Amino acid sequence: MQMTVEEKDTDKVASKSGATRDIFLPPERQRVRDGGNPHVMAKNFSIFYGDFEAVKKVSADILSKYVTAIIGPSGCGKSTFLRAINRMNDLIPSCYTTGTLMFDGEDIYGRYTDEVQLRKKIGMVFQKPNPFPKSIFDNIAYGPRLHGVKDKKVLEEIVEKSLRKAALWDEVKDRMERNALGLSGGQQQRLCVARTLAVGPEILLLDEPTSALDPKATAKIEDLIEELRGSYTILIVTHNMQQASRVSDYTMFYYEGDLVEYAPTKQLFTNPRDQVTEDYITGRFS
Amino acid sequence: MAETTLVGGKKSEAFVLSPEKLRRQRIAKFIGEGFLLTVASFVAIVVLFIFYFVAVDAIPFFQQRGFEEFFTSTGWYPADDPGEFGALAIIYGSGMVTIGSALIAVPLGISAAICLSDVLPFSIRQYAKPVIEMLAAIPSVAYGFFALVIFAPLLQNHGGPILMWAWWLIAGPFVLLAVVVAGDLLTSRQTDESRRKTMRTMLTGVLGVIAVVFLYWVGKTLNAIQILSGTNALNVSLILSFMALPTIVSVSEDSLQAVGRELREGSYALGATRAETLVRTVLPAASSGILAAVILGIMRAIGETMVVWMASGNSSHIPDPWYNYLDSIRTLTATIAGDMGEADQVTGSARYHVLFAMGLLLLVFSFISNLVSERIVIRQRKILSGE
Amino acid sequence: MNLGTRKILDRSFTVVGITSIMLMATALLVVVVPIFTGGIGAIYFEGTIEHRKLQYNEFGKGDRGAIERQIAETEPYRNEVFRILDAFGDEMETMEPGEKRNYLSKYKKVRKMLSRLLGPLPGDQKPILLRYQYGSTRWEKAEELLHDLMFVTKWDYSNPDEMAKRYFVPRADEFAGTALASLFLYLENNLEKMLLPERTFYWGFLTDRSLDAHIFGGIWAEIQGTFFLAVGAMLFAFPLGVIAAIYFTEYARDNFFTSILRSANSTLAGVPSIVFGLFGLAFFINTIKVSDSKSVLAGSLTLAIMILPTIIRAAEEAILAVPKTYKEASLALGSTKWRTIVTVILPAALPGIITGGIISLGRAAGETAPIIFTAAVSVGATIGLADVFTMPTPALSWNIYNLASEHEAANEIRHVQYGMVLALISIVLLLNLSAILLRARISKKLKG
């Protein structure tokens, strides 16, 4: 397995504009190389739990290699939407979808889609750090082994690379055989990121990755996201608006299942178009 | 692993399958789940098989002998020619030890369950639970050995004093408690506080003296009893109650735990004592679960073989008088276990099939009790969850 | 009601609860303690020279030289007994026929008891049964025998309202004035020198085969039989149970069919154990004929069916206790459902599943009723692993019943029975204890 993270080049500017529709202006902050193509495209995409429509007819493009934050009050459908992208909602028996959700030009919910192969490309990190009760090494190597890597040398290489990318290598390199549950919460969460990276995904879905962590650990995760920006398409669900404005290039605001507003982060936070968005970001409700 | 790239528009390694591959994957999944389902259905198949094979060997008996003799006669002479197959006394014996063990195990088990769930601090509970598990783990034949070799001679040689002391120790406190409560209740109409107090003291005193005399007299009567054989219904009932206790305690405790804290706090807030809270509020709410526990415990007692085989005396007659627990009895399970040794020489005879008829009786009984207790538990869960 | 009375009621309520718990603990002690002390007696007792002789002759254990030296030590005392017997024999020859007949039966009784005490007497034929080839191997039995030899037991029926009373008459009185009269006092004073009791640890009780239907020897055949039956049952029930539990927790949909399956599971758990025995006989032996008659295989299959519901339930609970996040994490890494189960869920649930398995193993080892018709024989040789498909086996649980209730000399081999019960209880309780400890460790581990 080989990682395909492009070296981040801070001086260069992306050749393409990155926007496919007029409202999606390129972010003011630093642009990324080869980024800005629609990576995940939703068209009239709805998610139901039984009769309840949790996400209502969303149409949006998520741009490659940028960080997109999803915000909104709890129960607004933001997590549901995120989990739909790698079909984790399949675990809920009563859940079904309508409309289309495309990834790389193929329908995620298509008849011939294999959700297992799909999840390999769309990795996910969960709210609570959830390392397996195995050694640190085995945690990272779990994915590569699953996909057929057996050579010990290659595995070690992948593990080191992934841990380095997740900025955890220096902290754990001497205790790779220890149980991962012995790490601190923040370390566990970075381990989970590393574990996801080891599979070589194109997209990283982060479902409130810092909600269970203290401020210090949160800062490290945010630094990590900044590091990964430009290498992966990142979607992060967060209930913390400061976090969204700190780490993301674009922000989606969901309210009661509707995608109310989707705009470059700076624009959304400084000049929201919609009244509900403004009420939310100014803290009138939460 | 193939190299994955992120160049816009270019498709990376496919997560979309070809129709051929999809079909293969579906077939594999179907076979896999089919295999799991088959294994999971194995239990159901076994249950059907048990009913079928026991019934198939039981039916010839009823064809040959009809139903009447089996259920109404007490003559049990299977070895005679022609044999008699009246199982009434045996069914009665099974019922007798079951009721006897329930009389001991149910009050004991429920109070132990209440104690575990509401009275004892957590630290003691941690040690009490393994004790109950150990009690459940001891093999039935070890209990049978204890009943036959240790307890039966004790009962035979010192039966009277044992009964007397058991009566004094168990009934004594309850009778005295009843005296106190009766004294209180009988004077509750009296409104004048000081007169009430004197009346209560006097009444309690008089009742207390009567109670003590009563206790002493019953004890002395019990002391005079000579137990002819230590292998009797009392011995078996006692041991069976030990064996039913763990089931009753653990299932009742689950049911008591299922009653939420809110209910208890509501009752305390109204000024009820702990006992009143438990008796008036918690127990009624948990009653159906406790009933299920009792049914399961009784099932254990009625289905138990080794203890009754070893320590019941195995004489198939209805005790005289009918409630005489100091008499020997015989039960269905012990009959099956004891008679098969001779009967399987004569496979096909009524003597062989009658044992399956008894097995069928036990099976049907356990099936019904199980069904009932299951329904009860489901109903309780629904009520408690407010559906 | 008066507040004071209410408080009294409340207190007594608490007392009743605590008493009931204590009663249960006492019940456990009352059952376990006598069995424990009695069972120790099978291994640790005062063994006589006869015990050592038997051990050397039958099992080749012990130091030949030492035993011979001890035998030589006892010879003078034993010879004195034989001399008295001979003298009395000679004396009888000189008696009148009537008087001789009178003494003869009594004399024969004494000789018989003596041979039970010391082994075959000179002039006796070599007995065929092993139990008559040796004297008392255990000192406490020798003392009982000595008492029976010294006194004749008589019953007093004079009061018809009460049960008959037992009383003893010295046997020496029966032989007053003859040469035999001196025998009894001599025996009482010198029995110890004839038998040389020593404190003995007989570990062979657990590993020796039984001799002459458990009159002598150990219980290895039973221990091995119990092991075969229980392990055999686990071999069938454990994989089936775990797979069924996987289906119930991970695949079963919430529908009528599933509820039928679950109902079947609890029905099976409630079936009386003796009915399993009937089913095993009717199905495994008479219908599909896994073996011609009783066999370990048939017994194991029957036990397997019996413990299946317990294993399924325990495995289900263990799997449900695995945090859902593990499953999500694995699936999100692109693992298939089945691989997630095998690589993440099962390893995490394994200690819990094993706990359930251990408890079931104990249950299979302790059950008697299902194996009565399918696998157990009272007396039998130790069987080899290859015989399990065709041969029945002795088993601890069954032989406890058999020796206590049906053995011809049940009263004389109480120590063997106690030893067997202790062995069985120890096996079962140790299994349960390890399960309890394992569970405590798991809950600690899950807490982190």
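Reader: Happy to start small: which residue in β10(A) does A:Thr251 stand opposite?

Author: Good place to begin in this predicted model. Strand β9 of chain A covers residues 250-255 and pairs with β10(A) in the antiparallel sense over six bridges. Across from A:Thr251, in β10(A), stands A:Ala263.

Reader: Which strands of chain A stand at the edges of that sheet?

Author: The sheet is open, has six strands with mixed pairing, and follows the order β6-β7-β8-β3-β9-β10 in chain A. Two of these strands have a single partner strand each, so one side of each is left without a neighbour in the sheet. They are β6 (122-125) and β10 (258-264) of chain A.

Reader: And by how many degrees are neighbouring strands of this sheet turned against each other on average?

Author: Take the strands in their order, β6-β7-β8-β3-β9-β10 of chain A. With direction ignored, the average turn between neighbouring strands is 15°.

Reader: Let's move to chain C. Is C:Trp398 buried or exposed?

Author: You'll find C:Trp398 in helix α15 of chain C, residues 396-406. A residue counts as buried if 20 or more other C-beta atoms lie within 10 Å of its own. C:Trp398 has 27 such atoms within 10 Å, so the word for C:Trp398 is buried.

Reader: Which residues is C:Trp398 in contact with, leaving aside its neighbours within four places in sequence?

Author: Not every residue of chain C comes into play here: the C-alpha atom of C:Asn265, 133 residues apart along the chain, is separated from that of C:Trp398 by 27 Å. The contacts of C:Trp398 beyond four places in sequence are C:Thr368, C:Ile371, C:Ile372 and C:Ala376.

Reader: What distance separates the centres of domain 1 and domain 2 of chain C?

Author: The domain assignment gives chain C a domain 1 at 46-185 and a domain 2 at 220-447. Taken over C-alpha atoms, the centres of these two domains are separated by 50 Å.

Reader: Which helix gives the largest share of the side of chain C that touches chain B?

Author: The contact takes 71 residues from chain B and 76 residues from chain C. By class, the chain C side has 51 nonpolar, 20 polar and five charged residues. Its largest share, 22 residues, comes from residues 3-43 of chain C, which form helix α1.

Reader: One last check: what is the mean pLDDT of chain C?

Author: For the model, the scores are ipTM 0.91 and pTM 0.87. Within chain C, 99% of the residues reach a pLDDT of 70 or more. The mean pLDDT of chain C is 89.

Terms used:
Residues are numbered from 1 along each chain as its sequence is written. Chains are lettered from A and ligands numbered from 1 in the order in which they are written. This is a predicted model: local features need pLDDT of at least 70, side-chain atom pairs count only at pLDDT 80 or more; totals for chains, interfaces and linings use all residues. Two residues are in contact if their C-beta atoms, placed from the backbone, lie within 7 Å. Helices (H or I, at least four residues) and strands (E, at least two) are DSSP runs, numbered from the N terminus. Ala, Val, Leu, Ile, Met, Phe, Trp, Tyr, Cys and Pro count as nonpolar, Asp, Glu, Lys and Arg as charged, and the others, Gly among them, as polar. Domain bounds come from an automatic or database domain assignment. pLDDT is the predictor's confidence in each residue, from 0 to 100. Two strands pair if DSSP finds at least two bridges between them. Axes are lines fitted to C-alpha atoms, for helices over the stretch in contact, and angles run from 0 to 180 degrees between N-to-C directions. A residue is buried if 20 or more other C-beta atoms lie within 10 Å of its own, exposed if 12 or fewer, and partly exposed in between; C-beta atoms are placed from the backbone.
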